[in-house]
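Grab the model and work through these exercises with it open in your viewer. Each one starts with a task and then walks through a solution.

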Amino acid sequence: MKIIIYDTVPCWWKLGWSPADNSLRIDIAKAFIAALPPIPDNSPLILRSKQQISDDLFASFSCDLKAANFGFNRSIKRIGEQDSASDFATFAVLLPKVYIATGKACQDCGGTGERDAGMGCLYCGGSKVEMLHDWDTAYNITKSLQLLFWLLELQPETEMATQIPQWLELSLCAERDMHGSSLGGYLSKDGLQLFNRLVHSKRRIREVEKRIKDALIQAWKHMMEDRDDDYNLRAEIRDNANLFLTCPGDAAGVYIVNERHSAHGCQIDCHNMDNPAQALACLAGLGVFCEELEKMWCEQKKTVPA
Ligand SMILES: [Zn+2]
């Protein structure tokens, strides 16, 4: 079987970002979905999920990519395909509101938005209302993505007829713990080759950095209502074809580990990813990165006749 870091493997799934509705987009080859063997009702995965639902940890569960919803609590929605000729079915993952208003006055400032002598309230940020973190909804989503990425690791035995290569493979942790939202995987040989070309153009580097940064900021602000955290939301592309995504946290972020600058693909790794908002924001950034690789691939195909 071919491996994406050494071989060109036709795309069986790809990641994108939809700024219009703050959602991750995951396109999965229809042929992959058709070929995926059904997961038996008595498998540990299904049995554990049923137990978690009866323990009230989740409201619903689906492991069927042909159904309207996938994962826990309908977190991943199958929204159809661009047209019937498309090789892919599209799934949307709406990012949650994590930091939300309770509807009560902020207890720390008594609903004034200020503390002493005009100083803004640190708790409510001057909004005067009590805020809390709804991590449960966010974990439902990362748990669902963890499961989806796990299924997508089951690379198809027969190659897809899709016209683009696979750009990356991902795995995601979804635990309520330090490093519990770790994200990792591989950038494919074709992805890294294109990335090596991209870094020859300073203009292109700046453009792609800006698009990724815009996605990080939009995703984060949608989830966390943060006002002045732009400095901690960054995308940096280095001349040696390495990408660093930074999000708020303790030097938290996701990066490409292109140490050898070789013809092969390489690892994607992370640092101090402690909560699901960090993982979801970085997935938005990686989605934009994949879209840029596909754009370059299509430009290259136009200039080099088959
Ligand atoms: Zn307050």
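**Exercise 1: the sheet, from one edge inwards**

Which residue in strand 12 is the bridge partner of Arg234?

Keep in mind that you're looking at a predicted model.
- Step 1: the bridge partner of Arg234 in strand 12 is Thr246.
- Step 2: now zoom out to the two strands. Strand 11 and strand 12 (residues 242-247) run antiparallel and pair over five bridges.
- Step 3: place them in the sheet. The open sheet has six strands in the order 9-10-14-13-12-11, with antiparallel pairing. Strand 9 and strand 11 (234-238) are the edge strands, each pairing on one side only. On average, neighbouring strands here are turned by 15° against each other, ignoring direction.
- Step 4: add the helix. Helix 6 packs on this sheet and touches strand 9, strand 10, strand 11, strand 12 and strand 13, and its direction makes about 145° with that of strand 12.

**Exercise 2: both sides of strand 14**

Find the bridges that tie strand 14 to strand 10 and to strand 13.

- Step 1: take strand 10 (residues 183-187). Three bridges join it to strand 14 (residues 266-271), and the two run antiparallel. One pair to look up is Leu187 with its partner Cys266.
- Step 2: turn to strand 13 (residues 252-257), which pairs with strand 14 over five bridges, again in the antiparallel sense. Here Ile256 stands opposite Ile268.

**Exercise 3: two helices side by side**

How do helix 5 and helix 6 run relative to each other, roughly parallel or roughly antiparallel?

- Step 1: get the geometry. Helix 5 (residues 202-224) and helix 6 (residues 276-303) pack at about 150°, with their axes 8 Å apart.
- Step 2: apply the cut-off. Angles over 145 degrees count as roughly antiparallel, so this pair is roughly antiparallel.
- Step 3: check the handedness, which is right-handed for this crossing.
- Step 4: list who makes the contact. Helix 5 contributes residues including Val208, Ile212, Leu216 and Trp220, while helix 6 contributes Leu280, Ala284, Val288 and Phe289, among others. By class, the contact has 14 nonpolar, two polar and two charged residues.

**Exercise 4: a glycine in helix 6**

Is Gly285 buried or exposed?

- Step 1: count neighbours. Gly285, in helix 6, has 28 other C-beta atoms within 10 Å.
- Step 2: compare with the cut-off of 20 or more; Gly285 is therefore buried.
- Step 3: see what Gly285 touches. Leaving out residues up to four places away in sequence, its contacts are Ile212, Ala215, Leu216, Ala235 and Leu245.
- Step 4: try a long-range pair. Gly285 and Asp214 are 71 residues apart in sequence, but 8.4 Å apart in space from C-alpha to C-alpha.

**Exercise 5: how enclosed is helix 4?**

How many of the 10 residues of helix 4 are buried?

- Step 1: tally helix 4 (residues 189-198). Seven of the 10 are buried, so the helix is largely enclosed by the rest of the structure.
- Step 2: name them: Lys189, Asp190, Gly191, Leu192, Gln193, Leu194 and Phe195.
- Step 3: find their surroundings. These buried residues pack against strand 9 (168-172), strand 10, strand 14 and helix 6.

**Exercise 6: two hairpins**

How many residues lie between strand 4 and strand 5 in their hairpin?

- Step 1: there are three, and Asn73 in the turn has a positive phi of about 55°.
- Step 2: check the pairing. Strand 4 and strand 5 (residues 76-80) are antiparallel with two bridges, and Phe70 stands opposite Ile76.
- Step 3: go to the other hairpin, where six residues sit between strand 3 and strand 4. Ser62 has Gly71 as its bridge partner there.

Notes:
Residues numbered from 1 in each chain as written. Predicted model: local features only at pLDDT ≥ 70, side-chain atom pairs only at ≥ 80, totals over all residues. Axes fitted to C-alpha atoms, helices over the stretch in contact; angles between N-to-C directions. Helix = DSSP H or I, 4+ residues; strand = E, 2+ residues; numbered from the N terminus. Parallel < 35°, antiparallel > 145°, perpendicular 65-115°, else oblique. Left-handed = near helix turned anticlockwise from the far one by under 90°. Contact = placed C-beta atoms within 7 Å. Nonpolar A, V, L, I, M, F, W, Y, C, P; charged D, E, K, R; others polar. Pairing = 2+ DSSP bridges. Buried ≥ 20, exposed ≤ 12 C-beta atoms within 10 Å, placed from the backbone.
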